[in-house]
Amino acid sequence: MADFLQKADEEMRAEREKNIKKEIRTLKKVLPYIDKGKKSTVMTLIEEAGFLRAILKELKEEITAHGVREEYQNGENQRGYKKSVAAEIHDKYLNTYIKTVSAICKEVAVETGADQSPEKALQEFMMRGVKK
């Protein structure tokens with residue numbers, strides 16, 4: 001049984017690493033538009049966003065499988081439902097992910113001289129790379 005759990009853990013880690021690298025590859029497309037002095041800071045944000053995105057995917061799968069609430073019991077007579085741990089963590093990580101990507105967007109907007117919101121600047125930049 002321990003071998004099975006260890007193998008499942010290794011597969012989960014490998015999938016997480018794959019998802020992290022995928023998000024990093026996507027977000028790294030903005031690096032040529034970032035000031036050289038800020039690239040290492042933006043790269044740190046990109047790596048953090050990659051990690052957060054991978055964890056969010058796992059949490060979403062957990063929530064889909066088990067729901068957003070879980071039963072609790074305090075003593076013999078007090079029972080009920082509360083927000084699941086996965087749902088709470090998902091909320092916190094999603095907010096952090098949004099802030100992280102917004103910080104990246106802001107740098108793209110500043111460096112491209114975009115006369116628009118950082119989110120719009122990143123969206124337009126990303127769409128330029130899409131082949132029609």
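**Exercise 1.** In this predicted model, determine where S84 lies, whether S84 is buried or exposed, and which residues S84 is in contact with beyond its sequence neighbours.

*Solution.* Begin with the secondary structure: S84 lies in the loop between strand 2, which covers 78-83, and helix 3, which covers 85-112. Next take the relative accessible area, which is 5% for S84; because buried means under 20%, S84 counts as buried. Finally, leave aside the neighbours within four places in sequence, and the contacts of S84 that remain are G67, V68, R69 and E70. Of these residues, G67 comes just after helix 2 and takes a positive phi of about 90°.

**Exercise 2.** Describe how strand 1 and strand 2 pair, what joins them, and which ring R69 lies over.

*Solution.* Strand 1, made of residues 69-74, pairs with strand 2 in the antiparallel sense, and the pairing runs over 6 bridges. One position to locate is N74, which stands opposite Q78 in strand 2. The two strands form a hairpin with 3 residues between them, and in the turn G75 has a positive phi of about 75°. Turning to side chains, R69 lies over the face of Y81, at 3.9 Å from the ring centre. A search for aromatic pairs, by contrast, returns 0 for the structure.

**Exercise 3.** Compare the span of helix 2 with the expected value, and list the buried residues of this helix.

*Solution.* Helix 2 has 28 residues, and the distance from its first C-alpha to its last is 40 Å, close to the 40 Å expected at 1.5 Å a residue. The buried residues of helix 2 are V42, M43, I46, A49, G50, L52, A54, I55, L56, L59 and I63. As a guide to reading such a list, an α-helix has 3.6 residues a turn, so residues three or four places apart point the same way.

**Exercise 4.** Identify the residues that touch the most other members of the largest nonpolar core, and state which helix gives the most to this core.

*Solution.* The largest nonpolar core has 18 residues, of which V42, I46, Y97 and I104 touch the most other members. Helix 1 (2-27), helix 2 (39-66) and helix 3 each supply at least two residues of this core, and helix 2 gives the most, with 7 residues. To follow one member outward, take I104: not counting residues up to four places away in sequence, I104 touches L27, V30, V42, L45 and I46. Apart from the largest core lies another, of 5 residues, including I55, L59, I63 and A87.

Methods: Residues are numbered from 1 along each chain as its sequence is written. This is a predicted model: local features need pLDDT of at least 70, side-chain atom pairs count only at pLDDT 80 or more; totals for chains, interfaces and linings use all residues. Side-chain values use heavy atoms; hydrogens and water are left out. Helices (H or I, at least four residues) and strands (E, at least two) are DSSP runs, numbered from the N terminus. Buried means under 20% relative accessible area, exposed over 50%, partly exposed in between (1.4 Å probe, protein chains only). Contact means heavy atoms within 4.5 Å. Rings of Phe, Tyr and Trp (its six-membered ring) pair if their centres lie within 6.5 Å; planes under 30 degrees apart count as stacked, over 60 as edge-to-face and the rest as tilted. A charge sits over a ring if NZ of Lys or CZ of Arg is within 6 Å of the ring centre and within 35 degrees of the ring normal. Two strands pair if DSSP finds at least two bridges between them. A nonpolar core is a set of buried Ala, Val, Leu, Ile, Met, Phe, Trp, Tyr and Cys residues joined through side-chain atoms within 4.5 Å. The expected span of a helix is 1.5 Å times one less than its number of residues.
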